[in-house]
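Colleague: I have a model open on my screen and I'd like to learn how to read it. Can you walk me through some features?

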Amino acid sequence: MTALHTGAAVTLPIDGELRRVELGAPGPWRRPERPITSRIAYAAAHVVPKSSADNIPGAPADLDWEATLAYRRELWSYGLGVADAMDTAQRGMGLDWPAAAELIRRSGAEAAAVGGRLACGAGTDHLVPEDVPSGAAGLAVIIDAYREQVDVVREAGAQVIVMASRALARVASSPADYLRVYDAVLAHTDQPVILHWLGDMFDPALRGYWGSGEIDTATATFLELIANHVDKVDGVKVSLLDAGHEIALRRALPAGVRLYTGDDFNYPELIIGDDQGHSDALLGIFAAIYPAASTALQELDAGNQARAGEILESTRALGRHIFTAPTYYYKTGIAFLSWLNGLQPGFTMVGGLASGRSLSHLCELFVLVDRAGLLRDPDVAAHRMRMFLEVHGVGA
């Protein structure tokens, strides 16, 4: 998109030289006046630690609850649902289960207060995969772990997202082991859940999930599970960054089961869809582009499909950059944008993950965010970016 210059500018190190970048105005984004109906869309929110906390690898998560929950209220104000306590919130990368459980409870209370849609991840990350025994005994331990977390999500009043399990990926010896565990977990739920298939580009420990490294074989097992439990599955979130596979899977799902795209590369065309259907959304990138995403969905509600597609397309370059390899560090970019926009007091992340991206990566992110019209206050963003550059030894 093209925006008028605001007068704010930053000199950035780009391609080995310093270049002055003049910032544009925010885009024409708007909060909805009524609920969004054309798609169900969740933004997978990140967490904000206390700036003074011991935010180093291995330290227990110590969250800034005011900033963390305010971010969720911001997402709800744009008509989006919040997907919480998932990989975007650093599950398995600094956010331990005690902090995740507290996050689920607090987010549940906030959602009830504002009438916001909330779904939360239930997994097995309180287990140490290497300590789980092999065979049937290990599968029983994993089932019990899932049930414990499912209960926390249910008690918070949120929809359950059944997350992929590192422990199960390590212990399972066949597709049948996956079906056995998921059969037991789904039997423990009282409302339809969202099943999450997270690819190994997001978490290498999940390689070969569903019992096979062959995508077609794994998909067949996944579809078998869904067919066996249609009444217990609201939808599936697929994060494989493969648009062709997602479309084929979407068309193969039983009637009534939604496909929540988790493809942060190809979401514009997947959400817009084709004459055979569309994907709903449960996306980490929506936590970064939520004003634009909401406006696009409002355009879809009004029947303006072309305009909706243009808005989503204008954010694609930013999404591809944030989620570039190594993809599991995408959370760093989302937190950096949150800081630039004044939504958290410092560029800090639990587990020291603020160091997950380079200076050059974050400078390019800054440029792409500006081009997408997603800097809420260009003057504030420019000031913070200058401070960041100074700390990194780059002249003003």
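Modeller: We'll go from the overall chain to helix packing, and then to a few individual residues. Keep in mind that this is a predicted model.

Colleague: Let's start with the big picture. How many helices and strands does the chain have?

Modeller: Counting secondary structure elements is a good way in. Here you get 14 helices and 10 strands.

Colleague: And what does the radius of gyration say about the chain?

Modeller: The idea is to set the value beside what a compact globule with that number of residues would have. For 396 residues that would be near 21 Å, and the chain comes out at 21 Å, so the two agree. If you prefer a box, the C-alpha atoms fill one of roughly 65 × 50 × 40 Å along the principal axes.

Colleague: What share of the residues is buried?

Modeller: Buried residues come to 59% of the 396 in the chain. You can also ask how far apart in sequence the contacting residues are. Taking contacts with a separation of 6 or more, 72% of them join residues 24 or more positions apart.

Colleague: Now helix packing. How do I read a pair such as α13 and α14, and at what angle do they cross?

Modeller: Look at the distance between the axes, then the angle, then the side chains. Helix α13 covers residues 359-371 and helix α14 covers 378-391; their axes come within 12 Å and cross at roughly 165°. Angles over 145 degrees count as roughly antiparallel, which is why α13 is described that way relative to α14. The crossing itself is left-handed.

Colleague: Which residues do the touching there?

Modeller: From α13 it's L359, L362, C363 and F366, and from α14 they meet A381, A382, M385, F388 and L389. Sorted by class, this contact of α13 with α14 has 9 nonpolar residues, no polar and no charged ones.

Colleague: α14 has another partner in α12, right? At what angle do α12 and α14 pack?

Modeller: About 120°, with the axes of α12 and α14 8 Å apart. That makes α12 oblique to α14. On the α12 side, the contact uses F336, W339 and L340, while α14 brings V380, A381, R384, M385, M387 and F388. The class count for α12 with α14 is 8 nonpolar, no polar and 1 charged.

Colleague: Give me one more pair. How do α3 and α5 cross?

Modeller: Same three steps. Helix α3 spans residues 135-155 and helix α5 spans 175-187, with axes that come within 9 Å and cross at roughly 35°. The α3 and α5 crossing is right-handed. In α3, the residues involved are A136, L139, I142, I143, Y146, R147 and V150, and they meet D177, R180, V181, Y182, A184 and V185 of α5. By class, α3 with α5 gives 10 nonpolar, no polar and 3 charged residues.

Colleague: Let's turn to the backbone. Where is there a cis peptide bond?

Modeller: Omega is the angle to check. The cis bond joins A325 and P326, with omega about -5°. P326 sits in the loop between α11 (316-322) and α12 (330-340).

Colleague: What about phi? Which residue has a positive value near 55° without being a glycine?

Modeller: A85 is one of them, with phi near 55°. You'll find A85 in the loop between β4 (81-84) and α2 (97-114). L241 is another non-glycine residue with a positive phi, about 55°. L241 lies in the loop between β8 (233-239) and α7 (243-252).

Colleague: Is A85 buried or exposed?

Modeller: Buried means under 20% relative accessible area. A85 is at 0% relative accessibility, so it counts as buried. L241 is buried too, because its relative accessible area is 17%.

Colleague: And D131, buried or exposed?

Modeller: Exposed, because its relative accessibility is 61%. D131 lies in the loop between β5 (118-122) and α3. From D131 to R39 it's 42 Å, C-alpha to C-alpha, with their positions 92 residues apart in sequence.

Colleague: Where does N304 sit?

Modeller: In the loop between α9 (286-301) and α10 (305-313). N304 has a relative accessible area of 35%, so it is partly exposed. Its C-alpha is 37 Å from that of L103, and the two are 201 residues apart along the chain.

Terms used. Residues numbered from 1 in each chain as written. Predicted model: local features only at pLDDT ≥ 70, side-chain atom pairs only at ≥ 80, totals over all residues. Heavy atoms only, no water. Axes fitted to C-alpha atoms, helices over the stretch in contact; angles between N-to-C directions. Helix = DSSP H or I, 4+ residues; strand = E, 2+ residues; numbered from the N terminus. Parallel < 35°, antiparallel > 145°, perpendicular 65-115°, else oblique. Left-handed = near helix turned anticlockwise from the far one by under 90°. Contact = heavy atoms within 4.5 Å. Nonpolar A, V, L, I, M, F, W, Y, C, P; charged D, E, K, R; others polar. Rg over C-alpha atoms; globule rule 2.2 N^0.38 Å. Buried < 20%, exposed > 50% of the residue type's maximum accessible area, 1.4 Å probe, protein only.
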